[in-house]
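The following exercises are to be worked with the sequence and the model at hand. Each task is followed by a solution in steps.

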Amino acid sequence: MSNWLPIESAPKDGTTVDLFGYIRYDFIEMRLTDCEYMLDKWHYFCAGEMLPCDGPIAFTPTHWMPLPVDPA
């Protein structure tokens with residue numbers, strides 16, 4: 001069962017989520033983990049810093065998913 005939700009319903013309050021979408025220009029599907037919406041755009045965590053999704057990889061999210069619960 002898929003838990004992916006339309007990107008329009010994603011939280012924009014700084015909640016960390018996973019994103020699914022594509023890399024613009026190549027239309028390669030991709031999943032980004034630990035993403036946050038801040039400063040009016042999506043950011044993802046990479047190499048110790050938060051990078052904007054419209055940055056080097058030009059990622060366009062189409063769906064989102066809440067992070068799973070950590071194991072006990």
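**Exercise 1: An aromatic residue in a loop**

Phe27 counts as exposed, because its relative accessibility is 61% and the cut-off for exposed is over 50%. The model is a predicted one. Determine where Phe27 is found and how far apart Phe27 and Trp64 are in sequence and in space.

Solution. Step 1: Phe27 is found in the loop that lies between E2 and E3. Step 2: Counting along the sequence, Phe27 and Trp64 are 37 residues apart. Step 3: From C-alpha to C-alpha, the two are 17 Å apart in space.

**Exercise 2: Strand pairing and hairpins**

Establish in which sense E2 and E3 pair, and over how many bridges. Then do likewise for E3 and E4.

Solution. Step 1: E2 covers residues 17-23 and E3 covers residues 28-38; the two strands pair in the antiparallel sense over six bridges. Leu19 stands opposite Leu32 in E3. Step 2: The hairpin of E2 and E3 has four residues between the strands, and Tyr25 takes a positive phi near 80° there. Step 3: E3 and E4 (residues 41-46) run antiparallel and are joined by four bridges. Met38 has Lys41 in E4 as its bridge partner. Step 4: In the hairpin of E3 and E4, two residues lie between the strands, and Leu39 in the turn has a positive phi of about 55°.

**Exercise 3: A salt bridge between strands**

Identify which side chains meet in a salt bridge, and state why the pair ties together parts that are apart in sequence.

Solution. Step 1: The structure holds one salt bridge. Step 2: The side chains of Asp18 and Arg31 meet in it, at 2.9 Å from N to O. Step 3: Asp18 belongs to strand E2 and Arg31 to strand E3, so the pair ties together parts that are 13 residues apart in sequence. Step 4: Asp18 counts as buried because its relative accessibility is 5%, whereas Arg31 is partly exposed, with a relative accessible area of 45%.

**Exercise 4: The surroundings of His43**

Decide whether His43 counts as buried or exposed, and list the residues with which His43 is in contact.

Solution. Step 1: His43 lies in strand E4. Step 2: Its relative accessibility is 8%, so His43 counts as buried. Step 3: Leaving aside neighbours within four places in sequence, His43 is in contact with Asp34, Cys35, Glu36, Met38, Met50, Leu51, Pro52 and Cys53. Step 4: A polar atom of the His43 side chain lies 3.5 Å from the backbone oxygen of Met38.

Definitions and conventions. Residues numbered from 1 in each chain as written. Predicted model: local features only at pLDDT ≥ 70, side-chain atom pairs only at ≥ 80, totals over all residues. Heavy atoms only, no water. Pairing = 2+ DSSP bridges. Buried < 20%, exposed > 50% of the residue type's maximum accessible area, 1.4 Å probe, protein only. Polar contact = N/O pair within 3.5 Å; in protein donor to acceptor, adjacent residues only side chain to side chain. Contact = heavy atoms within 4.5 Å. Salt bridge = Lys/Arg side-chain N within 4 Å of Asp/Glu carboxyl O.
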